[in-house]
Amino acid sequence: MKKSKSVWQNIHQDLIDNCRKGDSKAQFELYRLYYRNMYNVSLRIVNDTQEAEDIMQEAFFSAFENIGSYSGQVSFGAWLRRIVINRSLDALKKRRLDLQSIDEGPDPEIPEDAEADKERAETVSAETERIHRCINLLPDGYRVILSLYLLEGYDHEEIAGIMGITASTSRSQYTRAKNRLAEMLKKSRSDGQS
C-alpha cells in the first residue's frame, strides 16, 4: 500500500490513507481509536456531556471530510484534537465566553498541599474525582485555559493563538484559574467533601 508523504509517521497511517479513499471501515476504526480521548478533551472545555458528545461527532465528520488537507506535519491525533478544541471553543463563544480582565490585582501564590500528598496512595481516585468536580465549577474562561495548558499540554503562545488572546492574558488567566482551583479544593477539604 502506498503511504502518503508526511513529516510525521503516524502509527495509523494505513487507516488514514484508507480514510482518504472514503473507506468507512477505516473511518470507524479511527473513530474507535480516538473517540474517548476527543470526547474528554471537549468535555474538559465545554463541561457538558451532551454538548461534548455532539462536538466530538461533528469534529470527526469534519476531520473525515477534510482529511485530504491533513498534511502530516503533526500526528493525526494532534490534528484531530485541534479540530475538537476549536469546535469546543466555538461552542463556548456561543455561550459568551467570560474571560476576566488581567487588571484584577496580583496573583497570590498557590500553597503546597502536603496533607493531600500524605494520603495520596489511598485516596487517588477520590481526589481525582474531587479535582475534576472543582475544575468543572470554574468559570468557562478559567476552565478552558487550565485544561489547554495543564491537561492538553499547550503552551501559552499556542493557547493565545487558539483563543485569540495574548500570551500574557493566557498566563494570567491560567494563574488565576490555578489559584481559584486551589481555593475550591481547600474549601472542599475543609467542608469534608471527598
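Is Ser-147 buried or exposed? Select Ser-147 to begin, in this predicted model, and it will be found in helix 7, where a relative accessibility of 1% places the residue among those that count as buried. Leaving aside residues up to four places away in sequence, Ser-147 touches Arg-44 and Glu-152, two residues to which the tour returns further on.

**The whole chain**

Zoom out and colour by secondary structure: the protein has nine helices and zero strands, so that, read from the N terminus, its elements run α-α-α-α-α-α-α-α-α. Of its 194 residues, 40% are buried, and the accessible surface comes to about 11400 Å², with 50% of that area belonging to carbon and sulfur atoms. Among contacts with a separation of 6 or more, those between residues 24 or more positions apart account for 67%.

**Helix 1**

Select residues 13-20 next, which form helix 1. Because six of its eight residues are buried, helix 1 is largely enclosed by the rest of the structure; the buried residues are Gln-13, Leu-15, Ile-16, Asp-17, Asn-18 and Cys-19, and what covers them includes helix 2, helix 3 and helix 4.

Show the side chains of Asp-17 and Arg-20, which form a salt bridge whose closest N and O atoms are 3.4 Å apart. The two residues are three apart in helix 1 and therefore separated by about one helical turn. An α-helix has 3.6 residues a turn, so residues three or four places apart point the same way. The partners differ in their cover, since Asp-17 is buried at a relative accessible area of 5%, whereas Arg-20, at 30%, counts as partly exposed. Just after helix 1, stop at Gly-22, which takes a positive phi of about 85°.

**Helix 2 and the loop that follows**

Now select residues 24-46, helix 2, and look along the axis for a kink of about 50°, centred on Tyr-34. A straight helix of 23 residues would span 33 Å, but helix 2 spans only 29 Å between its end C-alpha atoms. Tyr-34 is itself one of the buried residues of helix 2, a list that also includes Leu-30, Tyr-31, Met-38 and Tyr-39. If the neighbouring helices are displayed as well, the cover over these buried residues can be traced to elements including helix 1, helix 3, helix 4 and helix 7.

Move on to Asn-47, in the loop between helix 2 and helix 3. Which sign does the phi of Asn-47 have? The angle is positive, at about 60°, although Asn-47 is not a glycine. Most residues other than glycine have a negative phi. With 28% relative accessibility, Asn-47 counts as partly exposed.

**Salt bridges**

A search of the whole structure finds eight salt bridges, and the Asp-17 and Arg-20 pair already visited is one such bridge. Side chains of opposite charge can pair when their charged atoms come close.

Select Arg-171 and Glu-157, which form a salt bridge with their closest N and O atoms 2.7 Å apart. This pair links distant parts of the chain, for Arg-171 lies in helix 9 (residues 167-190) and Glu-157 in helix 8 (residues 156-163), 14 residues apart. Arg-171 is partly exposed at 36% relative accessibility, and Glu-157 is likewise partly exposed, with a relative accessible area of 45%.

Towards the end of the chain, the side chains of Asp-191 and Lys-187 meet in a salt bridge of 2.9 Å, N to O. Asp-191 is partly exposed at 44%, while Lys-187, at 51%, counts as exposed. Then select Arg-44, Arg-81 and Glu-152 together, which are joined into one network by salt bridges that share partners. Two members of this group, Arg-44 and Glu-152, are the residues that Ser-147 touches.

**A last stop on the surface**

Finish by switching to a surface view and selecting Tyr-149, Leu-150 and Leu-151, which form a nonpolar patch with about 260 Å² of accessible area together. Leu-151 belongs to helix 7 (residues 140-151) and is partly exposed, with a relative accessible area of 41%. Helix 7 thus shows two settings within one selection, with Ser-147 buried at 1% and Leu-151 partly exposed at 41%.

Technical notes
Residues numbered from 1 in each chain as written. Predicted model: local features only at pLDDT ≥ 70, side-chain atom pairs only at ≥ 80, totals over all residues. Heavy atoms only, no water. Patch = residues over 30% accessible without salt bridge, like charges linked within 9 Å, V, L, I, M, F, W, Y side chains within 5 Å. Areas by Shrake-Rupley, 256 points an atom, 1.4 Å probe, with all protein chains shown as cover. Salt bridge = Lys/Arg side-chain N within 4 Å of Asp/Glu carboxyl O. Helix = DSSP H or I, 4+ residues; strand = E, 2+ residues; numbered from the N terminus. Buried < 20%, exposed > 50% of the residue type's maximum accessible area, 1.4 Å probe, protein only. Expected span 1.5 Å × (residues − 1). Bend = angle between axes of the 7 residues up to and from the residue. Contact = heavy atoms within 4.5 Å.
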